[in-house]
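Trainee: Please take me slowly through the interior of this protein, beginning with a single side chain and then turning to the cavities and the charged pairs. I would like one connected account that I can follow on the screen.

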Amino acid sequence: MDLERININLDGFGKNEVESVRKIRRTPAGCALDIGDGSERSEYVNQDYIINHLRKLHRNVGLMYTYYPKDEQWPERISDACRDMVVHYQWDYPYDDYFPYGGGIGGSTENEPFNQMRDIRRHGQDVTLTLTIDCSLEDEYLIRIARDLRTFGRMRLRINHECSGRWFTHNRRFSYEEIGKFFVRFHKIIKQEAPNVSTIFCAGFIDGEGKVEYEDEFREAYNLADVWSADRYLSLHSKWPFSICEKGDKTYYAMPVREYIKTISGTVNRLYEITGRKVPFSASEFNSDGDVTGSVDQGKAILRFAEYVAEEKPVWFNSMSMYQFRDRGRLGLEMEDPNNPGEGIVQPLMKDYKKIMEMPYFRPGNEMISELPRDKETAETRWGSSEDAEGIEIDIRMKGEPVYFDIAFGKEDNLVFEINGKWFYKKPGVTIMDVMPAFFEEDSLPVHEDGIIRLRIFAPPCTGENPVTDRSDWALNYYSTIKLPRMRIRYEACGVVDTDLRTDPDIEKNVKER
C-alpha cells in the first residue's frame, strides 16, 4: 500500500538522530561471493526472497541458459520437448537442459533471462550469465546476443563452461580446438558490440604432467578471457537425479580441502606461466554435495575452505559462487519442497554460509569521498557495479534498542540500503520501510545506549537496465539524484497489554466457579 495516497501523517519523521552524513564509494571484497539462482536442477528464485533470507547482497547472481536455435526442438526446453525420450543421464538430451535463451535473432529481451537480469540489477547485484551455445552459429547470431546485453551494465558472460569435459552438447558436437576458437570469436564480438560485458573462460585443471587440460587447444582463449574459471566441488553426486547415492558406489567423489587448494593454485600458476597474464580466477560453481556428506556435515568443508581463504588471502583466488540458492537435490542453501516447487526448505548449509558472508574478507568495503551537511535534502549517486558504486552513509545516534524504526525515502527512488548489518531493497513507489528486522532477527547486531549505527544507501538502475544517454559511460555507470531519508525511531511501545490474569479477582472467581 502507498501510505502517502491515504495522507498518512509523516510529521513524526525527521533527522534529529543524524550525527553525520557523507558520500562514500563501495569497494571490492578481498574475495567476492556470488550465488547461482536457477539451473537444470532448480527454478529461479526472486531476489526479494533471497535478500530477506540471507540479509546480505551478493556481488553477482548466476543464471544458466542455452542457445541452439538451429535445432528442430528449439525454442522449447529440451526436457519438455523430449518427454518420451529414455534418459539415463542429465546430459543425454539433444541439447543442454537449461532454460532456453529467449533473445537473439527472432527473440526478444522481453523474454527470459532478461526479466531475471533486471530483477538482479534492480536489487544491487550484477549478473553472470552462463550460456551453452552452438559453436556453428554465424557471427550475426553472436552480434545479436552481444547487443542484447549492452544495457545490463558490468555483467559477466560464461561461454560454454566446463569445456574440457565430455558431458555438454558443445563437447559432443565440437572438438576442443573448435570450442577454443569459438570462444575467441565470440569474445571479440562482445568487445566490439558490448564492451561492458566481461567474458569468463571456464575449462579444466592442472594434470599429473604439470599442464592444464587441453592448454594448447585453449591457449588463445586463456590469453583473451577477462576471467578464468574452473568448476570443481568438494564433493559431488554426479549421476543425480538418475541414481541414489549409496556408500561405495562410483557415482560420487569427495575431495580433501587440501587437495582442492593444491589443484586450484597449481592451475592458476600454470596459466600465469603460459599466458604471461595475471587474470582473476573465479570458482564459478562451488559447493559440497549433501548427497555425499549428508545434510548436517555438508557445510563443514566449505566453511574450512573459506577460513583458509580469509586467513591466507591467496592471490590466485578472486571469487567463488555458491551453487546454488535452491536445489531439487542437495546442492542448495534450500531444498525445493517436492509438494510445492515454489517453496524452499532451509538446509543446515544456510547457517554455515551465513558465517562466510559475515567474514570481513568476503564483504565489500566502503571509503569516504566527502562530508555532506546534516540537513542536505538530496544527493548525487553513481551505480557502476556491486563493487564500484557511490552512495550515502549516515551515522545515527541511538538511545538503545528501538521498538519502532521506520525510514521514509524518496517515493520514486530505487534503493538498496544497509542498516545495522542487514540489507534491504526499496522499489520505486514505496515510501516507508520498516527496518525493525535489522534489530529483532536472531543474528542482528546489538545496539548500545548512546551508540552509533550506520545507514548506507545506494541507487542501482530503477529498471534494472542502464538507460542509453549522451554520456560516454552510460553502459558502465548509472547516475541518479536521490532524496535523503527521514526517520521515525521510538524506544517505547504505544501501549502495553497486561498478560497477568491473576491481577483481576473477578477473573479468578469466574475461573474457579466454572
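Mentor: A residue counts as buried when its relative accessible area is under 20%, and as exposed when that value is over 50%, with partly exposed in between. Please keep in mind throughout that this is a predicted model. A good place to begin is His170, which belongs to helix H5, residues 169–173. Its relative accessible area is 0%, so His170 is buried. Two polar partners can be named for the side chain of His170: the side chain of Asn160, with which it makes a polar contact at 3.2 Å, and the backbone oxygen of His161, which lies 3.2 Å from one of its polar atoms. Leaving aside residues up to four places away in sequence, the residues that His170 touches include Asn160 and His161 themselves, together with Tyr68, Thr132, Ile133, Cys135, Cys163 and Ile179.

From this side chain we can turn to the cavities, of which there are two of 30 Å³ or more. The largest has a volume of about 140 Å³, and it is lined by 16 residues, with Gly62, Thr128, Arg158, Ser284 and Ser321 lying nearest its centre. Strands E2 (32–36), E3 (60–67), E5 (126–133), E6 (156–159) and E11 (281–286) are the elements that each give two or more residues to this lining. In chemical character, the lining of the largest cavity divides into seven polar, five charged and four nonpolar residues.

The second largest cavity has a volume of about 40 Å³, and its lining consists of Leu54, Arg55, Lys56, Lys354, Met357, Glu358 and Asp443. Helix H11, residues 349–358, gives the most to this lining, with three residues. Here five of the lining residues are charged and two are nonpolar, while no polar residue takes part.

Two residues of that lining lead on to the charged pairs, since Lys56 forms a salt bridge with Glu358 in which the closest N and O atoms are 2.9 Å apart. Lys56 sits in the loop between helix H1 (47–54) and E3, whereas Glu358 is in helix H11, so this pair ties together parts of the chain that are 302 residues apart in sequence. The two partners fall into separate classes of accessibility: Lys56, at 7%, is buried, whereas Glu358, at 35%, counts as partly exposed.

Across the whole structure, a search finds 48 salt bridges. One of interest joins Glu367 to Arg25, with the closest N and O atoms 2.8 Å apart. This pair links distant parts of the chain, because Glu367 lies in strand E16 (residues 365–372) and Arg25 in strand E1 (residues 18–27), 342 residues apart. Glu367 is partly exposed at 37% relative accessibility, and Arg25 is partly exposed at 27%.

A further salt bridge brings together the side chains of Arg270 and Glu215, at 2.7 Å from N to O. Arg270 is part of helix H8 (residues 257–275) and Glu215 part of helix H7 (residues 215–224), so the bridge ties together parts that are 55 residues apart in sequence. Both Arg270 and Glu215 are buried. Finally, salt bridges that share partners join Lys23, Arg25, Arg154, Glu367, Arg382, Asp388 and Glu390 into one network.

Terms used. Residues numbered from 1 in each chain as written. Predicted model: local features only at pLDDT ≥ 70, side-chain atom pairs only at ≥ 80, totals over all residues. Heavy atoms only, no water. 1 Å grid on protein atoms, 1.4 Å probe; cavity = no way out; pocket = protein on both sides within 12 Å on 5 of 7 lines; lining within 4 Å. Points joined across faces, edges and corners; volume = space filled by probe spheres on them. Helix = DSSP H or I, 4+ residues; strand = E, 2+ residues; numbered from the N terminus. Nonpolar A, V, L, I, M, F, W, Y, C, P; charged D, E, K, R; others polar. Buried < 20%, exposed > 50% of the residue type's maximum accessible area, 1.4 Å probe, protein only. Polar contact = N/O pair within 3.5 Å; in protein donor to acceptor, adjacent residues only side chain to side chain. Contact = heavy atoms within 4.5 Å. Salt bridge = Lys/Arg side-chain N within 4 Å of Asp/Glu carboxyl O.
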